[in-house]
Amino acid sequence: MIDGWAAGIDGRWLFTAVVWGLHEVAFFATWGAFSLLFRLGVAKRFQVAEGKAPAPDLSRRAVLDVLGGHVLLLVVTAFVLYPAWVAMGGRADPPLPSAFEIAWQLVACILLQDTMFYWSHRLLHLPRLFRAIHVKHHTFRHVRGHSSEYAHPVESVANLVSFMVPAILLHAHLLTFGIWVFVRVVETVEAHSGYAFTRLASRHAFHHLYAAKGCLGSFFGIWDRIMGTDRQWREWRRDQTHR
Ligand SMILES: [Zn+2]
Ligand SMILES: [Zn+2]
């Protein structure tokens, strides 16, 4: 149990509800916004691969799969990881964290997640693991928001754990944890939006178009730069802008 404003609500349920709730708000708001842009046909020069869409039956299948994952995998993962967050000193009661604490912890979460995502994603591109697990996520050559979480359950759980672990290690307050969930989900849906407003989205759209040609990171592509796995994306991007 936790004290303060959340007194009376079991901490595990509160934690799970905040993680799940903010995940849903971020997912549907970002997915909805980009779907609207496609429907209105605006900002076409930012659409990847001239706005080519995935096959409708694949999208239907993916939406059902992803919504099932939100209920089963996300809720269960948050519920199971709660004791780890508490053991590391995570709390939901006052005083609330300062703006400075929220800011530095978000930056640290991004850097840690970027590192874990790059190397686990690189592992998933080893031929055996790709065929057994990661191929499902790559069924989408042309991406849309709902493809962001369309993955083998092993990959989905690994992604959920690896984005919660940084906030757990930093014993982030529940407020910071919630903001981090929001930021991470907006980032991944935007990366799969089918629009390349940001370098992040351009890199990940390229990764889905040409799976073997690199761009394995998430937020900043720091590891792609260090390891040289974004070279072909740079050439592709130069090509795109010259057209
Ligand atoms: Zn992807
Ligand atoms: Zn991949």
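This passage walks through the fold of one protein chain, from its overall outline to a few individual residues.

The structure is a predicted model. Its mean pLDDT is 93, and 95% of the residues reach 70 or more. Confidence varies from element to element: helix α6 has the highest mean pLDDT, at 98, while helix α9 (residues 231-242) has the lowest, at 83. A general caution is worth keeping in mind here: where pLDDT is low, the predicted coordinates should not be read in detail.

The chain contains 9 helices and 0 strands. Followed along the sequence, the pattern is therefore simply α-α-α-α-α-α-α-α-α. The radius of gyration is 18 Å, close to the 18 Å that the globule rule gives for 243 residues, so the chain is as compact as a globular protein of that length. Along the principal axes, the C-alpha atoms fill a box of roughly 60 × 40 × 35 Å. Buried residues make up 35% of the 243 in the chain. Contacts also tell us how the chain folds back on itself: among those between residues at least 6 apart in sequence, 74% join residues at least 24 apart.

Next comes the interior. The largest nonpolar core has 43 residues, and the members that touch the most others are Phe-15, Ala-78, Ala-167, Phe-177, Trp-180 and Ala-205. Two or more residues of this core come from each of α1 (11-40), α2 (56-87), α3 (99-124), α5 (153-169), α6 and α7 (199-209). The biggest share, 8 residues, belongs to α6. Such a core fits a general tendency: in soluble globular proteins, nonpolar side chains tend to be buried together.

Helix α6 deserves a closer look. Its 18 residues (174-191) should span 26 Å at 1.5 Å a residue, and the end C-alpha atoms are indeed 26 Å apart, so the two values agree. Most of this helix is covered, with 14 of the 18 residues buried. Which residues does Trp-180 touch, apart from those up to four places away in sequence? The answer is Leu-106, Cys-109, Ala-167 and Ala-172.

Helix α1 offers a second example. From its first C-alpha to its last, this helix of 30 residues reaches 43 Å, close to the 44 Å expected at 1.5 Å a residue. Its buried residues are Gly-11, Phe-15, Thr-16, Val-19, His-23, Phe-27, Thr-30, Trp-31 and Phe-34. The spacing of such a list can be read with a simple rule: an α-helix has 3.6 residues a turn, so residues three or four places apart point the same way. The partners against which the buried residues of α1 pack are α2 and α6.

The backbone has some features of its own. In general, most residues other than glycine have a negative phi, and most peptide bonds are trans. Just after α1, Gly-41 takes a positive phi of about 65°. Ala-43, in the loop between α1 and α2, is not a glycine, yet its phi is also positive, near 50°. With 13 other C-beta atoms within 10 Å, Ala-43 counts as partly exposed. His-171 is another residue other than glycine with a positive phi, near 40°, and its place is the loop between α5 and α6. This histidine is partly exposed too, because 16 other C-beta atoms lie within 10 Å. The loop between α2 and α3 holds Pro-95, and the peptide bond leading from Pro-94 to Pro-95 is cis, with omega near 0°.

Is a loop residue such as Phe-140 buried or exposed? Phe-140 sits between α4 (127-134) and α5, and it counts as buried because it has 20 C-beta neighbours inside 10 Å. Leaving out neighbours within four places in sequence, Phe-140 is in contact with Pro-54, Ser-147, Tyr-150 and His-208. The C-alpha atom of Phe-140 is 8.8 Å from that of Ala-55, although 85 residues along the chain separate the two.

His-121 gives a contrasting pair of distances. This residue belongs to helix α3 and is buried, with 21 other C-beta atoms within 10 Å. His-146 is 25 residues away from His-121 along the chain, and their C-alpha atoms are separated by 19 Å.

Definitions and conventions:
Residues numbered from 1 in each chain as written. Chains lettered and ligands numbered in written order. Predicted model: local features only at pLDDT ≥ 70, side-chain atom pairs only at ≥ 80, totals over all residues. Helix = DSSP H or I, 4+ residues; strand = E, 2+ residues; numbered from the N terminus. Expected span 1.5 Å × (residues − 1). Buried ≥ 20, exposed ≤ 12 C-beta atoms within 10 Å, placed from the backbone. Rg over C-alpha atoms; globule rule 2.2 N^0.38 Å. Contact = placed C-beta atoms within 7 Å. Core = buried A, V, L, I, M, F, W, Y, C linked by C-beta atoms within 7 Å. pLDDT = per-residue confidence, 0-100.
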